[in-house]
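Student: Got a minute to go through a structure with me? I'd like to start with helix packing and then look at a few odd residues.

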Amino acid sequence: MDPKTTEVSQLFERFKAAILRKDFDTCTKLLFQLKIALTGFKSLPPLFEKTPNAVHELTLARDIYEHAVILSVKIEDQDAFERDFCQLKPYYTDAASRLPPSPQEYPILGLNLLRLLVQNRIAEFHTELELLSAIALENPCIKHAVELEQSFMEGAYNRVLTARQAVPHETYVYFMDLLAKTVRDEIAGCSEKAYDTLSVNDARQMLLYSSDKEVIEYIKEEHPEWEVKNGFVFFQRAKGSVPCKEIPSLQLINQTLSYARELERIV
């Protein structure tokens, strides 16, 4: 092993030790140094030069970027996740034939699908799915994300929330919590439009919480415009804050008839 590779390996060991002791500030600094050091390896993307240590350098770089993705989840930085995943992806595609499989590949690919789902980037979600092999689609980490997307699109929000209890990888919890919040916000928005009032117990069941206390905390944090009184949730104040717009029905009818007459003349 050449001195440069040895230096990067030692720096990477310090980085992994910092992750284990949850010293994320040190991790961020070391990761910056590691990324700079990797630019000196010509065997890495996009050059892919066949250097004597190419396989070792590619494997080391892939490990570093995989840890970078995991770090971004631990510090809850979605922008960093996207950047690091984009840097990692060529090692799963362009360099796949040159490297042994990584045990972290499917968990990270599934994690990226979950991120796209949380960010409501459904088109990109399906684009990423199209790029996966049939073997990858059968992996539990990928299937978990696919089933979540199907449940979300079907409006089966109870399945989305209960899926948190059976995540295929510990790193999924962060995005699952974000998805749970998105689901509850969606239910809450529908509830205030459909009802004038609900009992706290009914609200708990609709929002899929396990206790009334959780419901009240959610209302305080996310919907202070709702009123909780005598065991009931009142939505009138929220509805009253939204001004009603009068629909100019007569004007719309006249315009539609005018368009129909003009279309008949053209035909």
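**Helix packing and selected residues**

Tutor: Fine. Keep in mind that this is a predicted model. Helix 1 passes helix 2 in a left-handed crossing.

Student: How close do the axes of helix 1 and helix 2 come, and at what angle do they cross?

Tutor: The axes come within 9 Å, and the crossing is at roughly 160°. Helix 1 covers residues 3–20 and helix 2 covers residues 24–38.

Student: So are helix 1 and helix 2 roughly parallel or roughly antiparallel?

Tutor: Roughly antiparallel. An angle over 145 degrees counts as that, and theirs is roughly 160°.

Student: Which residues meet there?

Tutor: On the helix 1 side they are Lys4, Val8, Leu11, Phe12, Arg14, Phe15, Ala18 and Ile19. Helix 2 supplies Phe24, Thr26, Cys27, Leu30, Leu31, Gln33, Leu34, Ala37 and Leu38.

Student: And how do the residues of that contact divide by type?

Tutor: For helix 1 with helix 2, the split is 13 nonpolar, 2 polar and 2 charged.

Student: Let me pick one of those. Is Leu38 buried or exposed?

Tutor: Leu38, which lies in helix 2, is buried, at a relative accessible area of 4%.

Student: What does Leu38 touch, ignoring residues up to four places away in sequence?

Tutor: Val8, Leu44, Ala61, Ile64 and Tyr65. Val8 is also among the helix 1 residues that meet helix 2. As for C-alpha distances, Leu38 and Glu57 are separated by 8.6 Å and are 19 residues apart along the chain.

Student: Next pair. How do helix 5 and helix 6 cross?

Tutor: Their axes come within 8 Å and cross at roughly 160°. That angle makes helix 5 roughly antiparallel to helix 6. Helix 5 spans residues 105–118, and helix 6 spans residues 122–130. The crossing of helix 5 past helix 6 is left-handed.

Student: Which residues make the contact between helix 5 and helix 6?

Tutor: Asn112, Leu113, Leu116 and Leu117 from helix 5, with Ile122, Glu124, Phe125, Glu128 and Leu129 from helix 6. By type, the residues of this contact are 6 nonpolar, 1 polar and 2 charged.

Student: Leu117 is in that list. Where else does it turn up?

Tutor: In the contacts of Leu179, a residue of helix 10. Leaving aside neighbours within four places in sequence, Leu179 is in contact with Leu114, Leu117, Val118, Leu148, Phe152 and Val160.

Student: What's the relative accessible area of Leu179?

Tutor: It is 0%, so Leu179 is buried. The C-alpha atoms of Leu179 and Leu114 are separated by 8.7 Å, with the two residues 65 apart along the chain.

Student: Changing topic: backbone oddities. Which peptide bond is cis?

Tutor: The one from Pro45 to Pro46, with omega near 5°. Most peptide bonds are trans. Pro46 is in the loop between helix 2 and helix 3, where helix 3 is 54–74.

Student: What's the phi of Phe48?

Tutor: Positive, about 55°, although Phe48 is not a glycine. Most residues other than glycine have a negative phi. Phe48 is also in the loop between helix 2 and helix 3.

Student: And where is Asn230?

Tutor: In the loop between strand 2 (227–229) and strand 3 (232–234). Asn230 has a positive phi of about 55° as well, and is not a glycine either.

Student: Buried or exposed, for Phe48 and Asn230?

Tutor: Phe48 is buried, with a relative accessible area of 15%. Asn230 is exposed, with a relative accessible area of 71%. The cut-offs are under 20% for buried and over 50% for exposed.

Student: Last one. What polar contact does the side chain of Thr171 make?

Tutor: One with the side chain of His169, at 2.8 Å. Thr171 is in the loop between helix 9 (157–162) and helix 10 (173–194).

Student: Is Thr171 buried or exposed, and what is it in contact with beyond its neighbours within four places in sequence?

Tutor: Thr171 is buried, with a relative accessible area of 9%. Beyond those neighbours, Thr171 is in contact with Ile70, Val73 and Leu111.

Definitions and conventions. Residues are numbered from 1 along each chain as its sequence is written. This is a predicted model: local features need pLDDT of at least 70, side-chain atom pairs count only at pLDDT 80 or more; totals for chains, interfaces and linings use all residues. Side-chain values use heavy atoms; hydrogens and water are left out. Axes are lines fitted to C-alpha atoms, for helices over the stretch in contact, and angles run from 0 to 180 degrees between N-to-C directions. Helices (H or I, at least four residues) and strands (E, at least two) are DSSP runs, numbered from the N terminus. Angles under 35 degrees count as roughly parallel, over 145 as roughly antiparallel, 65 to 115 as roughly perpendicular and the rest as oblique. A crossing is left-handed if the near helix is turned anticlockwise from the far one by less than a right angle, and right-handed if clockwise. Contact means heavy atoms within 4.5 Å. Ala, Val, Leu, Ile, Met, Phe, Trp, Tyr, Cys and Pro count as nonpolar, Asp, Glu, Lys and Arg as charged, and the others, Gly among them, as polar. Buried means under 20% relative accessible area, exposed over 50%, partly exposed in between (1.4 Å probe, protein chains only). A polar contact is a pair of N or O atoms within 3.5 Å; within protein, one must be able to donate a hydrogen and the other to accept it, and residues adjacent in sequence count only if both atoms are side-chain atoms.
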